[in-house]
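Work through these exercises with the sequence and the model open side by side. Try each task before reading its solution.

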Amino acid sequence: MKLENLAPAKGATKKCKRVGRGEGSGKGGTATRGTKGAQARAGYEHKIGFEGGQMPIQRRLPKFGFKNPTRVEYRAINLKTIQGLAESLGVAELGINDFIAAGFASKGELVKVLAVGEISTAVVVNANAFSKSAAEKIQAAGGKAVVIE
């Protein structure tokens, strides 16, 4: 086999449609564009979503929903996760950098501690927000819930 012998498989390629080459070709005259109208002219471009004058789908369908521009989104971390992290690291204080290093949050995310699970070790937890019950559980275990900015 040589490079000059390579060819596409039979039926894999088509000859291009040569339009506008005289009436004898069968594709002369209007060159398969139909008669008149914007689409028959050179340089025709329609707007995105244009449906030939029919009411476009983005206008037919009703608007719904609301995106709150001032919403604050937190990465939730549960007390059982904090308990496991405090035991594995053996530290008395946990902060956002510890959560990022452990893979529970990403850099730049706000962290909120939720009260899922139990905590038995006295640990100082630094986070952006706490649920009321999570803060109570941390304080009941002898720890401290510190809200950071």
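**Exercise 1. Place V146 and classify its exposure.**

Start with the element. V146 lies in strand β6. The model is a predicted one.

Next, take the accessibility. The relative accessibility of V146 is 26%. Buried needs under 20%, and exposed needs over 50%. V146 therefore counts as partly exposed.

Now list the contacts, leaving aside neighbours within four places in sequence. V146 touches V124, V125, N126, A127 and F130.

Finally, check a long distance. K10 is 136 residues from V146 along the chain, and their C-alpha atoms are separated by 73 Å.

**Exercise 2. Build the sheet that contains β6, and find its edges.**

Begin with the strand order. The sheet is open, has three strands and runs β2-β4-β6, with parallel pairing.

Then look at the ends of that order. β2 (93-94) and β6 (144-147) are the edge strands. Each has a single partner strand, so one side of each has no neighbour in the sheet.

Now inspect one pairing. Two bridges link β2 and β4 in the parallel sense. Within this pairing, E93 stands opposite V124 in β4.

**Exercise 3. Is N126 buried or exposed, and which side chain does the side chain of N126 meet in a polar contact?**

Locate the residue. N126 lies in strand β4.

Apply the cut-off. Buried means under 20% relative accessible area. N126 has 13%, so N126 counts as buried.

Look for the polar partner. The side chains of N126 and E93 make a polar contact at 2.9 Å.

Complete the surroundings, again without neighbours within four places in sequence. N126 is in contact with E93, L94, G95, I96, F99, V146 and I148.

**Exercise 4. Describe the sheet that contains β3, then follow the side chains along β3.**

Set out the order. This open sheet of three strands reads β1-β3-β5, with parallel pairing.

Mark the edges. β1 (74-78) and β5 (129-130) stand there. Each has a single partner strand, so one side of each is left without a neighbour in the sheet.

Count the bridges. Five join β1 to β3. Two join β3 to β5. Both pairings are parallel.

Read off bridge partners. I77 has V113 in β3 as its partner. K112 is partnered by A129 in β5. V113 stands opposite F130 in β5.

Bring in the general rule. In a regular strand, side chains alternate between the two faces of the sheet.

Apply the rule to the strand. V111 and V113 in β3 point to one face and are buried. L110, K112 and L114 point to the other face and are not buried.

**Exercise 5. Which residues have the most contacts inside the largest nonpolar core, and which elements give two or more residues to this core?**

Size the core. It has 21 residues.

Pick out its best-connected members. L79, I82, F99, V113, V125 and F130 have the most contacts inside the core.

Assign the contributors. The elements giving two or more residues are α2 (79-89), α3 (96-102), β3 (110-114), β4 (124-127) and α4 (132-140). The largest share, four residues, comes from α2.

Examine one member. Beyond four places in sequence, F99 is in contact with I77, I82, L85, L94, F104, A105, V111, V125 and N126.

**Exercise 6. Is K80 buried or exposed?**

Place K80 in helix α2. Its relative accessibility is 52%, so K80 counts as exposed.

List its contacts beyond four places in sequence. They are V116, G117 and E118.

Add one distance. K80 and G52 are 28 residues apart along the chain, with C-alpha atoms separated by 59 Å.

**Exercise 7. Judge the overall form of the chain.**

Tally the elements. There are four helices and six strands. From the N terminus on, they run α-β-α-β-α-β-β-β-α-β.

Compare the radius of gyration with the globule rule. The chain has 34 Å, well over the 15 Å given for 149 residues, so the chain is more spread out than a compact globule.

Check the box. The C-alpha atoms fill roughly 95 × 60 × 25 Å along the principal axes.

Finish with burial and contacts. Of the 149 residues, 21% count as buried. Among contacts between residues at least 6 apart in sequence, 41% join residues at least 24 apart.

Methods
Residues numbered from 1 in each chain as written. Predicted model: local features only at pLDDT ≥ 70, side-chain atom pairs only at ≥ 80, totals over all residues. Heavy atoms only, no water. Core = buried A, V, L, I, M, F, W, Y, C linked by side-chain atoms within 4.5 Å. Buried < 20%, exposed > 50% of the residue type's maximum accessible area, 1.4 Å probe, protein only. Contact = heavy atoms within 4.5 Å. Polar contact = N/O pair within 3.5 Å; in protein donor to acceptor, adjacent residues only side chain to side chain. Rg over C-alpha atoms; globule rule 2.2 N^0.38 Å. Pairing = 2+ DSSP bridges.
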